[in-house]
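The following exercises concern cysteine pairing and charged side chains. Each task is followed by a worked solution.

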Amino acid sequence: MLIQAPIILTMRGSAPPISGAVRIQGARITEVGSDLKPYPGETIVSLNHHILLPGLINAHCHLDYTALKGSIFPGESFTKWIHKINALKQSMGPEDFIESIEAGYQLLLRGGCTTVLNLEAFPELLLKLSRPPLRVWWFLELIDVRTRLAGEEMLMGALEFFDTRSDWLGDLVWHLTPLIQQASNSSA
């Protein structure tokens, strides 16, 4: 497939935008240039009046809170704001959070995101999700007001989950700062 556009941002250092095309074979970009010619029988997509650029990355997201859009506003303090979020979360069930995550995928895709770094508060929901339509790097949020799973139990469950979903784009990333802080506080 050859995608033509009047402006292509290649993101190659300080290189200026070009007018040209991007060749895609399968799920990979194989060529970018201002003089690419279509192969015989190749599909051509012309993006007249559009700018073509690499997919955007949302580097901090809470997909399970997409459904709360418009209901959380900055409060008088961070603590009050978190209490409001927690109150709203308590009114939602697992299916609400799953719908919220899937709605979040669609918002990201419509905005040009191809990759998201998602902080997941409910890792048990991952077992019920279908394959994401974009790359998701899952960061398990370790701040929680619910009854906690033992750290080792949660880690083993998450690792097993991702071992059985090799077709998902992205991966699991552990944010270890709270664990490191907890360990250093208990040894002091």
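**Exercise 1.** Determine why C61 forms no bond with the closest cysteine sulfur.

*Solution.* A disulfide is a pair of cysteine sulfur atoms within 2.5 Å. The closest cysteine sulfur to that of C61 belongs to C113 and lies 8.2 Å away, which is too far for a bond. By this rule, the count is zero disulfides. As for surroundings, buried means under 20% relative accessible area, exposed over 50%, and partly exposed in between (1.4 Å probe, protein chains only). C61, at 12% relative accessibility, is buried, and C113 is buried at 11%.

The model is predicted: local features need pLDDT of at least 70, side-chain atom pairs count only at pLDDT 80 or more, and totals for chains, interfaces and linings use all residues. Residues are numbered from 1 along each chain as its sequence is written, and side-chain values use heavy atoms, with hydrogens and water left out.

**Exercise 2.** Identify which residues R23 joins through salt bridges.

*Solution.* A salt bridge requires a side-chain nitrogen of Lys or Arg within 4 Å of a carboxyl oxygen of Asp or Glu. The structure holds two. In one, R23 meets E31 at 2.6 Å, N to O; in another, R23 pairs with E42, the closest N and O atoms being 2.8 Å apart. E42 lies in the loop between β3 (28-33) and β4 (44-46) and R23 in strand β2 (residues 18-25), so this pair ties together parts 19 residues apart in sequence. The shared partners join R23, E31 and E42 into one network. Within this network, R23 is buried at 2% relative accessibility, E42 is also buried, and E31 is partly exposed at 29%.

Methods
Helix = DSSP H or I, 4+ residues; strand = E, 2+ residues; numbered from the N terminus.
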